[in-house]
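Okay, thanks for coming, everyone. I'll put the sequence and the structure up, and then we can walk through them together.

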Amino acid sequence: MSETLCIRCGSDLKPNAYCELCRQPLAFKCSACDYTTEEKVHSDCRNVELFGSKN
């Protein structure tokens, strides 16, 4: 994900929540003002959760 700077204050964003399947960041939190981004959904991971593996 390309989010690196806070939209409120411009400080660095740190990963705050991770995808259980791929372990990539889903949400970020500002290191200065505690702003938290909305949680993103990885469509590929969501599809696996809904429909299961194709093995």
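**A quick tour**

So, the secondary structure of this protein comes to 1 helix and 2 strands. One thing to say up front: what you're looking at is a predicted model. If you start at the N terminus and follow the chain, the elements go β-β-α.

Now, the inside and the outside. The protein has 55 residues, and 24% of them count as buried. On the outside, about 4,300 Å² is exposed, with carbon and sulfur atoms supplying 46% of that.

What about contacts along the chain? Take the contacts in the protein with a separation of 6 or more: residues 24 or more positions apart make up 25% of those.

Okay, on to the cysteines. How many disulfides does the structure hold? The count is 0. Just as a reminder, a disulfide is a covalent bond between the sulfur atoms of two cysteines.

So why doesn't Cys-6 form one? Its closest cysteine sulfur is in Cys-33, and the two sulfurs sit 3.7 Å apart, which is too far for a bond because the cut-off is 2.5 Å. Cys-6 also counts as buried, since its relative accessibility is 5% and the limit is under 20%.

Then there's Cys-30. For Cys-30, the closest cysteine sulfur belongs to Cys-9, at 3.5 Å, so that's too far for a bond as well. And is Cys-30 buried or exposed? Cys-30 is buried, with a relative accessible area of 2%.

That's the tour, happy to take questions.

Key: Residues are numbered from 1 along each chain as its sequence is written. This is a predicted model: local features need pLDDT of at least 70, side-chain atom pairs count only at pLDDT 80 or more; totals for chains, interfaces and linings use all residues. Side-chain values use heavy atoms; hydrogens and water are left out. Helices (H or I, at least four residues) and strands (E, at least two) are DSSP runs, numbered from the N terminus. Buried means under 20% relative accessible area, exposed over 50%, partly exposed in between (1.4 Å probe, protein chains only). Contact means heavy atoms within 4.5 Å. Accessible areas come from the Shrake-Rupley method with a 1.4 Å probe; for residues, only the protein chains shown count as cover.
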